[in-house]
Amino acid sequence: MRRTITFALPLIVIVSLVIIVFGLVQVRFEEERLMEDLKRKAETVTESVSLAAANVLQHKDLAGARRLVTRFQNKKNIQGCALYDKEGRLVAITERFKGWRDGDQQYYRGVLASGQPKDKLGKFRKSYVYSRIIPVEDSRGRPLGMAEMIYDTSYVFARLADFWRNIIITLVLLNLALLALAALILRWLFLPIEKLTLWFKHFQRGETGKPHGIKGGGEIGALASEVEQAALSLQVARKTVAEEAAAKLEKEDIWIESRLRDLVRARLGSGDSSIIVASNREPFIHMLDETTGQVRWAQPASGLVAAIDPIMRACGGTWVAHGSGSGDRQTVNAKDKLGVPPDDPRYILKRVWLAPEEADGFYLGFSNEGLWPLCHITYTRPIFREADWRMYKAVNQKFADSILEELPAENAFVFIQDYHFTLLGRMIKEKRPDATVALFWHIPWPNHEVFSICPYQVEILDGMLGCDLIGFHVQYHCNNFLETANRLLECRIDTEKNSVIRSSKETLVRPFPISIAGVSGPLTARESAETERVRQQYGLAGKIVAVGADRIDYTKGIAERILAVDRFLEKYPEYLGKFVYVQLAVPSRAKIKRYSELLDEIDQLVEKKNAKYATDNWRPIIYLKKYFTPDDLKPFYRAGDLCLVSSLHDGMNLVAKEYVAARSDLAGALILSKFTGAARELNDAVQINPYSIEEFADAIKYACELPPEEKRKRMENLRRQIERNNVYKWAGSIINDLAGLKKE
Ligand code: GDG
């Protein structure tokens, strides 16, 4: 019914307006016509009464005057007559108008003085009346008095009311007819299409296998039959694919630590310390507390660390990284090494020391003011300084020297991480061509036009192509890299193998979507208690909680997220007081101007939006700007009914995966930017364009209102995806590809 009304509404409005306007014009016209009739009648009757009145008034015949006025008492329509003497005093009046204009002497004297008839509309008791008065003269034209006729005009209004009633009845009948017509059109035209759509949806999901049963000829019938044919072909194709996928899955079950360890031993040979990982960020950092003199350790907030640490724990080996903590030097041995994790050593961390000017030029300057914005499409201008580039080269060499000291005599495998070390592969290979070197690029790779603005493009590409294998998160970034190499360097691209061949050296380029160690099992009592504590501490009990956790970086879309929450509350005020967005944010690269500006921008935005909505016992945004340990993050993920990941551009984004991994209760919903690598895998997330604040706000509402069953289904699929494609599988695929390369 609602749909019929919506469909017919525009027509109903137009038809109603036309009829009402027409009615108004007609009523006005009718009113004027009736009043004209009345006036004309009053004129004639007053003229005829004035002759009899002249006689009565001339002879002061009071009885005759009463007879004359009484004649009107008996008439059907309410009307009356009044006679006045030449002083304007009432002589006689029809009984029913007793009390008519008592004391209005001025009016009557005015009529006598003018000697002209006069008419007037007025009120008598509760009725509207029309009166016409004319002076009465004798045969010589001397005034004798006045005669007045009075008419009740109610019948005019009664006639008009009748008229309106007819118009309204016509209107109602016409609108009912329109509704009936709309219902018929909907039934004949739209219902079959709707039925077909619904059937197709269920068929697609595999919820029905029956034919749709829509009969009939004409265009609709033809469409229905074509759709049925297409759907059946799809069903057959899907079945085949599903069978193939199931067969494949049976073969490759879930990857676990021990499987990766076995693979490393089998494929790379030698003992436990065969893998050497190189990255700028160290997996464990020691900080000196100036006041107590105590040294504490922590795991930095970094996607790279989160992903590589479990692999190193599983396989052992040496991780070479910049020792950037104030307590780092105090905790290494004479060879700058220590066992990590510090509380349960599983592999070796070797720290490389950088002077402040080295770290500034290499890390802040070239890596993070140059390459980082170059590779992320967020419209932040990259800055390339010659001095930074020189420092970048020097630091790459320093790392190469440090790594070379660690390489075993044979079967050396170096796994380089990220954009900080584009030159490292070539530098290592120059001294140890036998070593197997892989580079994993954790951020996006731009298209060749963007990359070609980098003044050091050739040296960078040449340095990277020193490696045997370069990995990106997604095929799209591989394609961009191959195209960049093809356009900017003298080289050959093997499109079948996805490799670059340069001076007879071949480098494989492959997608390896990074992940996390796996998904968590059912909640333990301790985990439930921790989640409850977080809920109590931040006043989240009974609220719909959205959670975000990021390094404070302009690529993560934190400002856009706040604006979307603002728009959501503005557009859907029913969530005021019920919705809380908790943002965990760890400051990063704050020495860079763009980052310190971002910190201020977010502070101000949070303050402004909280001031806009906050009440005595509620504020919409809880902004926790500090470092949390990885274990601290989990209760927040579990307390979050939603997780907001709104990166403007992101190689993968592990927060999205960590959230899913934490939701063993299957109760959360993930809102995920389509500009993350993760969006290619996590199809059951609610995907958004974070630049569209409106779309983002609507997605928050949509996720808040997802039925629990739908949430469960989505979360199950997301968790299955992460469980099957965990970080062990990621590392295993890289090692398998490298081993294949060695054999060739
Ligand atoms: C790069 C690429 C790619 C967040 N807040 C805290 C904290 N985090 C942790 C999260 C997560 C990590 O930081 C962030 O990982 P992301 O993947 O989201 O982002 P990036 O650091 O930019 O990582 C990215 C990744 O490399 C891996 O290849 O996915 O695209 O940009 O693990 O939990 N960790 C701690 N305290 C916090 O307050 N300890």
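Me: How many residues sit between S1 and S2 in their hairpin, and which residue in the turn has a positive phi?

Reply: This is a predicted model, so take the geometry in that spirit. S1 and S2 pair in the antiparallel sense over three bridges. Ala 82 in S1, for example, has Ile 93 as its bridge partner in S2. The hairpin they form has four residues between the strands, and the turn residue with a positive phi, about 90°, is Gly 88.

Me: In what order do the strands of the open five-stranded sheet run?

Reply: Start from the edges: strand S2 (90-93) and strand S3 (118-124) each have a single partner strand, so one side of each is left without a neighbour in the sheet. The twist averages 25° from one strand to the next. Pairing is antiparallel, and the order is S2-S1-S5-S4-S3.

Me: Which residue of S5 stands opposite Ala 82?

Reply: Strand S1 (residues 79-85) and strand S5 (residues 143-152) run antiparallel and are joined by seven bridges. One of the bridge pairs puts Gln 79 with Tyr 151 of S5. Opposite Ala 82, you'll find Glu 148.

Me: Is S1 largely enclosed or left open by the rest of the structure?

Reply: In a regular strand the side chains alternate between the two faces of the sheet, so it pays to check each face. In S1, Gln 79, Cys 81, Leu 83 and Asp 85 are buried on one side, and Gly 80, Ala 82 and Tyr 84 are buried on the other. That makes seven of the seven residues of S1 buried, so the strand is largely enclosed.

Me: What angle does the direction of H3 make with that of S5?

Reply: Two helices packing on this sheet are worth a look. Helix H2 (residues 62-70) touches S1 and S2, with its direction at about 40° to that of S2. Helix H3 (residues 105-114) touches S1, S3, strand S4 (127-137) and S5, and its direction makes with that of S5 an angle of about 125°.

Me: Which strands are the edges of the open six-stranded sheet?

Reply: This sheet has parallel pairing and the order S20-S19-S18-S21-S22-S23. Its neighbouring strands are turned by 20° against each other on average, direction ignored. The strands that pair on one side only are strand S20 (621-625) and strand S23 (686-688).

Me: What is the bridge partner of Val 547 in S21?

Reply: Strand S18 (residues 544-551) pairs with strand S21 (residues 642-645) in the parallel sense, over two bridges. In S21, the partner of Val 547 is Cys 643.

Me: What angle does the direction of H15 make with that of S19?

Reply: Helix H15 (residues 558-571) packs on the six-stranded sheet. Its contacts take in S18, strand S19 (579-586), S20 and S21. Against S19, the direction of H15 makes about 170°.

Me: Are H14 and H17 roughly parallel or roughly perpendicular to each other?

Reply: The axes of helix H14 (residues 525-537) and helix H17 (residues 630-639) come within 9 Å. H14 brings Glu 527, Glu 530, Thr 531, Val 534 and Arg 535 to the contact, and H17 brings Pro 635, Phe 636, Arg 638 and Ala 639. By class, that contact has four nonpolar, one polar and four charged residues. The axes cross at roughly 75°, inside the 65 to 115 degree window, so the two helices are roughly perpendicular.

Me: How many disulfides does the structure hold?

Reply: A disulfide needs two cysteine sulfur atoms within 2.5 Å. For Cys 467, which counts as buried at 2% relative accessibility, the nearest cysteine sulfur is that of Cys 478, 14 Å away. Cys 704 has its closest cysteine sulfur in Cys 643, at 13 Å, too far for a bond. Over the structure, the number of disulfides is zero.

Me: Is His 477 buried or exposed?

Reply: His 477 is found in helix H13 (residues 475-488). Leaving out residues up to four places away in sequence, His 477 touches Ile 443, Pro 444, Trp 445, Phe 472 and Gly 651. Its relative accessibility is 5%, and under 20% counts as buried, so His 477 is buried.

Me: What separates the C-alpha atoms of Leu 232 and Pro 211?

Reply: Leu 232 lies in helix H5 (residues 218-251) and counts as partly exposed at 36% relative accessibility. Pro 211 is 21 residues apart from Leu 232 along the chain, and the separation of their C-alpha atoms is 9.1 Å.

Notes
Residues numbered from 1 in each chain as written. Predicted model: local features only at pLDDT ≥ 70, side-chain atom pairs only at ≥ 80, totals over all residues. Heavy atoms only, no water. Axes fitted to C-alpha atoms, helices over the stretch in contact; angles between N-to-C directions. Parallel < 35°, antiparallel > 145°, perpendicular 65-115°, else oblique. Contact = heavy atoms within 4.5 Å. Nonpolar A, V, L, I, M, F, W, Y, C, P; charged D, E, K, R; others polar. Pairing = 2+ DSSP bridges. Buried < 20%, exposed > 50% of the residue type's maximum accessible area, 1.4 Å probe, protein only.
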